[in-house]
Amino acid sequence: MKQILKSCTALTLSLAFATHAFAQEPLKELGKGEGELSIVAWAGYIERGETDKAYDWVTGFEKDTGCKVSVKTAATSDEMVALMNEGGFDLVTASGDASLRLVAGKRVQPINTALIPSWSTIDERLQNAPWHTVNGTHYGTPYVWGPNVLMYNTEAFKGEAPKSWNVVFEEMALPDGKSNKGRVQAYDGPIHVADAANYLMFHKPELGIKNPYELNEDQYKAALDLLRVQRTLANRYWHDAMIQIDDFKNEGVVASGSWPFQVNLLKAEKQPIASVFPEEGATGWADTTMLHAESAHPNCAYMWMEHSLSPKVQGDVSAWFGTVPSVPAACKGNELLTDEGCAANGYNDFEKVKFWKTPVSKCESQGECVPYHRWVSDYIGVIGGR
């Protein structure tokens with residue numbers, strides 16, 4: 001029996017290694033689609049016209065390829081990583097604070113860009129971006145990107161846009177004469193520590209913060225202290241875009257970090273909502289479509305990655321979510337995005353956005369930094385009032 005167990009163990013290890021080795025080899029050539037494709041995505045990223053018939057970039061793909069698309073939405077990067085660790089998915093639209101974790105954890109595989117004809121059309125600023133390129137190897141195709149904007153109620157601010165993120169970090173009276181206490185929100189994800197660090201970079205240069213994702217112990221403590229002040233002001237910590245929309249409409253929330261997606265939907269409903277890029281700058285996200293290391297439908301996945309880079313899809317997604325296309329050709333001639341859409345969504349602000357990335361202990365700006373697992377545990381503590 002021991003020999004059998006030993007053999008089984010050896011076989012298991014051998015298969016595990018073989019699977020691992022095979023999974024890390026990019027696909028050499030495209031075959032016939034497998035008929036199915038499952039994608040983990042942010043809400044609003046994979047639309048099939050069910051919310052608005054004008055926004056549908058799935059139905060045509062399914063008809064052309066025979067790959068039936070299913071979508072699992074995730075509200076945070078941590079949830080995306082957890083779902084990819086569970087397995088059973090082919091693709092994920094990962095932000096920069098998840099993508100390198102997925103690479104390091106071997107949950108995604110390198111891609112063969114030669115099998116993606118539209119690769120050469122990608123914005124040069126994104127083709128070799130560090131959140132999906134490791135040692136020259138690409139682990140996905142850029143999808144769309146954008147800033148985390150300050151969304152606000154124009155009536156509460158009397159028609160004057162707030163200039164600073166201080167309206168969500170410090171207690172004050174707003175232009176309508178009422179306190180901001182209980183009327184602002186904060187993002188329910190550890191990466192929000194970077195928003196506090198970004199604010200401190202501008203207002204407390206003596207801390208020496210060079211990068212909001214690379215914090216030494218003193219800088220990190222200052223960011224947590226600021227977040228504890230914000231804890232006393234926050235109406236709610238949000239991670240569900242639709243709930244945040246309802247909070248702005250019905251729960252008296254008047255200011256929060258947000259995504260252009262919520263801003264656009266509220267504006268479409270004629271709500272008194274606007275957004276601004278404050279003086280401190282903003283964090284943001286550049287999302288990558290990544291292929292699971294054990295994808296059961298790699299041919300359909302490659303077909304989708306090519307499809308996702310078409311100017312039509314890029315323009316439609318960006319119009320729907322308020323993002324910036326990764327393919328510049330999408331900025332012209334798209335009926336939904338319009339020729340002004342890219343500039344309006346931040347195309348020219350690329351250099352001002354501090355894109356999400358996973359904090360690591362060995363950092364470039366100052367050697368030793370507080371790693372992401374500390375951000376996770378400590379931010380849970382802040383939200384819990386500790």
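Reader: Where in the fold does T338 lie?
Author: Quick housekeeping: this is a predicted model, where local features need pLDDT of at least 70, side-chain atom pairs count only at pLDDT 80 or more, and totals for chains, interfaces and linings use all residues. Residues are numbered from 1 along each chain as its sequence is written, and side-chain values use heavy atoms, leaving out hydrogens and water. Helices (H or I, at least four residues) and strands (E, at least two) are DSSP runs numbered from the N terminus. On that numbering, T338 lies in the loop between β13 (324-325) and α13 (341-345).

Reader: Does T338 count as buried, partly exposed or exposed?
Author: Buried means under 20% relative accessible area and exposed over 50%, with partly exposed in between (1.4 Å probe, protein chains only). T338 comes in at 33% relative accessibility, so the label is partly exposed.

Reader: What is phi for T338?
Author: Most residues other than glycine have a negative phi. T338 is not a glycine, yet its phi is positive, at about 70 degrees.

Reader: K270 also has a positive phi, so what is its relative accessibility?
Author: K270 has phi near 65 degrees and sits in the loop between α10 (260-268) and β11 (273-276). K270 counts as exposed because its relative accessibility is 74%.

Reader: And G189, buried or exposed?
Author: G189 is in a loop too, between β8 (184-187) and α7 (193-203). Its relative accessibility is 4%, so G189 is buried.

Reader: Which helix gives the largest share of the largest nonpolar core?
Author: A nonpolar core is a set of buried Ala, Val, Leu, Ile, Met, Phe, Trp, Tyr and Cys residues joined through side-chain atoms within 4.5 Å. The largest one has 116 residues, and those touching the most other members include Y45, W259 and W304. Seven residues of this core, its largest share, come from helix α8 (residues 217-233).

Reader: Which tryptophans does Y45 touch?
Author: Contact means heavy atoms within 4.5 Å. Leaving aside residues up to four places away in sequence, the partners of Y45 include Y143, F321 and D287, and the tryptophans are W57 and W285.

Reader: What is the radius of gyration of the whole protein?
Author: The protein has 14 helices and 16 strands. The globule rule (2.2 Å times the number of residues to the power 0.38, with the radius taken over C-alpha atoms) gives 21 Å for 386 residues, and the protein is as compact as a globular protein of that length because its own value is close to that, at 22 Å.
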